[in-house]
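Please open the model in your viewer and keep the sequence panel visible beside it. The tour below proceeds by selections, each followed by a short account of what is found there.

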Amino acid sequence: MRSRYSTWQEIRFPLILWLMAAYLAVSGSYMLAFNLTESLPGTVFVICKDTFPDSGEFVAFRWERNWPYPKGSIFVKRLVGLPGSRVTTQGRDFYVDGRAVGQAKERARTGEPLIPGPVGVIPEGSYYVAGGHPDSLDSRYQLTGWVKRDQVIGRAFRLI
């Protein structure tokens with residue numbers, strides 16, 4: 001009679017190889033992102049790399065600054081403005097093509113002043129993103145501004 005240990009030894013190596021091959025095959029096209037804040041509904045997102053979302057869908061992009069998050073951090077927000085869309089404000093309320101996006105806060109939770117983001121016609125190769133939560137660091141703030149095409153990873157889908 002075989003022990004469980006010898007059976008595990010026999011299948012361990014092929015299983016590890018299969019898992020590595022599956023990861024390499026999938027990681028070229030997909031990745032997981034975890035939402036660690038209250039800025040979006042959902043905690044886990046799958047990102048389809050090189051698949052560009054339509055307006056209103058989730059987009060994953062890389063943070064291009066070194067503060068307040070490390071450069072290259074992955075953000076997931078809703079894509080609400082495309083090139084040619086018009087961003088306007090009334091006070092600190094932001095609108096994209098006349099649709100309300102949200103209000104820009106004057107200060108972060110930590111007390112730092114927050115400068116409102118750009119307004120006007122979104123240039124070619126740039127996009128407007130929003131989180132929908134008052135504390136979402138999105139295009140309403142100069143820190144994020146318009147997201148450039150080369151920052152975009154792909155379309156994100158909420159799993160949980």
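**A pair of hairpins**

Begin by selecting Val-87 together with Val-96, its bridge partner in strand 6. The model on display is a predicted one.

Extend the selection to residues 86–90, which are strand 5, and to residues 93–96, which are strand 6. These two strands pair in the antiparallel sense, over four bridges. They form a hairpin in which two residues lie between the strands. Select Gly-91 in that turn: its phi is positive, at about 70 degrees.

Next, keep strand 6 and add residues 99–103, which make up strand 7. Here too the pairing is antiparallel and runs over four bridges. To locate one of the bridges, select Asp-93 and its partner in strand 7, Gln-103. Strand 6 and strand 7 also form a hairpin, again with two residues between them. In this turn, select Asp-97, whose phi is positive at about 50 degrees. Strand 6 thus takes part in both pairings, with strand 5 and with strand 7.

**The largest pocket**

Now turn to the largest pocket, and select Thr-37, Tyr-69, Phe-75, Asp-135 and Leu-137. Among the residues of the lining, these five lie nearest the centre of the pocket. The full lining comprises 31 residues, and the volume of the pocket is about 780 Å³.

Which strand gives the most to this lining? Strand 4 does, with four residues; select residues 74–81 to display this strand. Then add residues 30–34, which are strand 1: strand 1 and strand 4 each supply at least two residues of the lining.

Colour the lining by residue class. Nonpolar residues number 18, polar residues seven and charged residues six.

**The whole chain**

Finally, select the entire protein chain and switch to a cartoon representation. The chain contains one helix and 11 strands. Followed from the N terminus, the helix comes first and the strands come after it.

How much of the chain counts as buried? Of its 160 residues, 36% fall in that class. With a surface representation, the accessible surface comes to about 9,900 Å², and carbon and sulfur atoms account for 58% of this area. As a last step, display the contacts whose separation is 6 or more: 57% of them are between residues 24 or more positions apart.

Technical notes: Residues numbered from 1 in each chain as written. Predicted model: local features only at pLDDT ≥ 70, side-chain atom pairs only at ≥ 80, totals over all residues. Heavy atoms only, no water. 1 Å grid on protein atoms, 1.4 Å probe; cavity = no way out; pocket = protein on both sides within 12 Å on 5 of 7 lines; lining within 4 Å. Points joined across faces, edges and corners; volume = space filled by probe spheres on them. Nonpolar A, V, L, I, M, F, W, Y, C, P; charged D, E, K, R; others polar. Pairing = 2+ DSSP bridges. Buried < 20%, exposed > 50% of the residue type's maximum accessible area, 1.4 Å probe, protein only. Contact = heavy atoms within 4.5 Å. Areas by Shrake-Rupley, 256 points an atom, 1.4 Å probe, with all protein chains shown as cover.
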